[in-house]
Amino acid sequence: MKKPAFIVEIQIRTGFPLPHNIRIDIVRSMSGPGIELMQNMACWALRQWRSRHSGSSFRWHLDYPIQKNLLYDDLRGISGWISGPTPIAAVVLRSDTVVDSQVKLKFRPDVQNSQRSWFRYSTGFESSRPIRDWLAPSGRARITLEIRWTSGKTDSVTLDLANAYELKIQKRERFQSVLVCPECHGPLIATDGGWNCPTCRLSYSATPYSINFLTPDMAREFNIIPTSNVSYWGYDSHIDQIIRNNPDKLYLDCGAGLRSTYHDNVINFEIVDYYSTDVLGVNEKLPFADNSLDGVFSVAVLEHVQDPFRCAGEILRVLKPGGVLFCAVPFLQPVHGFPHHYYNMTRQGLLNLWKDRVRIEQVLVPMALHPIHGLQWMLRLYAEGLPAQQREDFKRMRIQDLLDVKIIEEWESGRHAFIHALPESAQVDIASGNVIIATKK
Ligand SMILES: [Zn+2]
């Protein structure tokens, strides 16, 4: 056997319960950075692993608690769902001191639907035991979710839970030294109810759960309006790796949304006070000191700000020299809210935000931003925007029909109902472009 040129060890974390290490021996010698090849190899390895383990693996999800490790003082019990290759006979929750063997199983048609391409059986579960029953006096709990399949096999998942109060206070101790006044970047003075800036004579309020740097003036200035929209995402695998491999570093998740997992080393910065939010404020005026953070993540945020250049400048200001920047912005994606959507970016546009002020390590299209997502999203909105009859006709068209250039040439003939029947209101979010006509005031 040929000796490997080098060995890449890849840790794969998916929605599956346990991390798995896959070793790939690359026998071919590589020229250039070889990054793309490595990525392809990683994808291949993941597919192999999935197919090899499809007989025994399963998926699980917690509906409550909303964050997989963050608990608010609440009387509700643990609930979620499990999908697998065989039906589930029972689910048991246990810690060192508490056991709940009366966990209710319930039919979840929504999960059955969304998971059926991967798993034949899906079941919801719900424990009536309030979460606070599980917590030790320390405010923490390690709970095992035991899944008993009808095949006789048992799988288990470990949940590390902690009271939000304790986790949030602990984290704040880690990052409060880097907080500054977002207006003047001057030092803050702690008060009973939060922080004061002696220079600007502004006060910023705080609860044990979050610090509020989003003053009413700031909300007005940057057109931040209250929203009930929830932006809920897990971490990109690149970010997940950075967070987990560097527990001693401090990262800023700039526009975090509602995160499913709460980390000690990541400040969740947001305009909305979600359960996982640590600091409230705006990207245009970050309340962090110059060169104070080991990394900044900005994921699907800059398309929603009025001034992406200014936000990019702020991100760079708070980043330590050598600190890592991870920025993802949509290019060909339909308009989506939360609550404003201003600027999509090409790859060149994204690079232009920081130009030569950063050293580019990698530029890539991750799987989550593969063209198929944009393509499907656009086609779906196109179909949904059509009246019922034209929608059905449109869905029956072949890609080859859509690619036919004559469709556009015959635009005015009115022969192609799916073009003319799409109302203006449905065109806006997926238009190829917009025009304004205006006069100078
Ligand atoms: Zn100030």
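**Exercises on strand pairing**

An open sheet in this predicted model comprises four strands with antiparallel pairing, in the order β3-β5-β9-β8.

**Exercise 1.** Determine which strands of this sheet are the edge strands, and state how many bridges join β3 to β5.

*Solution.* Begin with the strand order, β3-β5-β9-β8. The strands that pair on one side only are β3, residues 59-64, and β8, residues 104-106. From one strand to the next, the twist averages 25°. Next, consider β3 and its partner β5 (residues 77-84): the two run antiparallel and are joined by five bridges. Within this pair, the residue opposite Trp60 is Ile82 in β5.

**Exercise 2.** Establish the order and the sense of pairing in the open sheet of six strands, then locate the residue opposite Tyr251.

*Solution.* The order reads β15-β20-β19-β17-β21-β22, and the pairing is parallel. At the edges are β15 (211-212) and β22 (319-328), each of which pairs on one side only. Turning to β17 (residues 251-254), one finds three bridges to β21 (residues 293-299), the two strands running parallel. Tyr251 stands opposite Gly295, which belongs to β21.

**Exercise 3.** Describe the hairpin formed by β13 and β14, and identify the bridge partner of Trp195.

*Solution.* First, establish the pairing: β13 (residues 194-197) and β14 (residues 202-205) are antiparallel and share four bridges. Trp195 has Tyr204 in β14 as its bridge partner. Then examine the connection: four residues lie between the two strands of the hairpin. In this turn, Arg201 has a positive phi of about 55°.

Methods:
Residues numbered from 1 in each chain as written. Predicted model: local features only at pLDDT ≥ 70, side-chain atom pairs only at ≥ 80, totals over all residues. Pairing = 2+ DSSP bridges. Axes fitted to C-alpha atoms, helices over the stretch in contact; angles between N-to-C directions.
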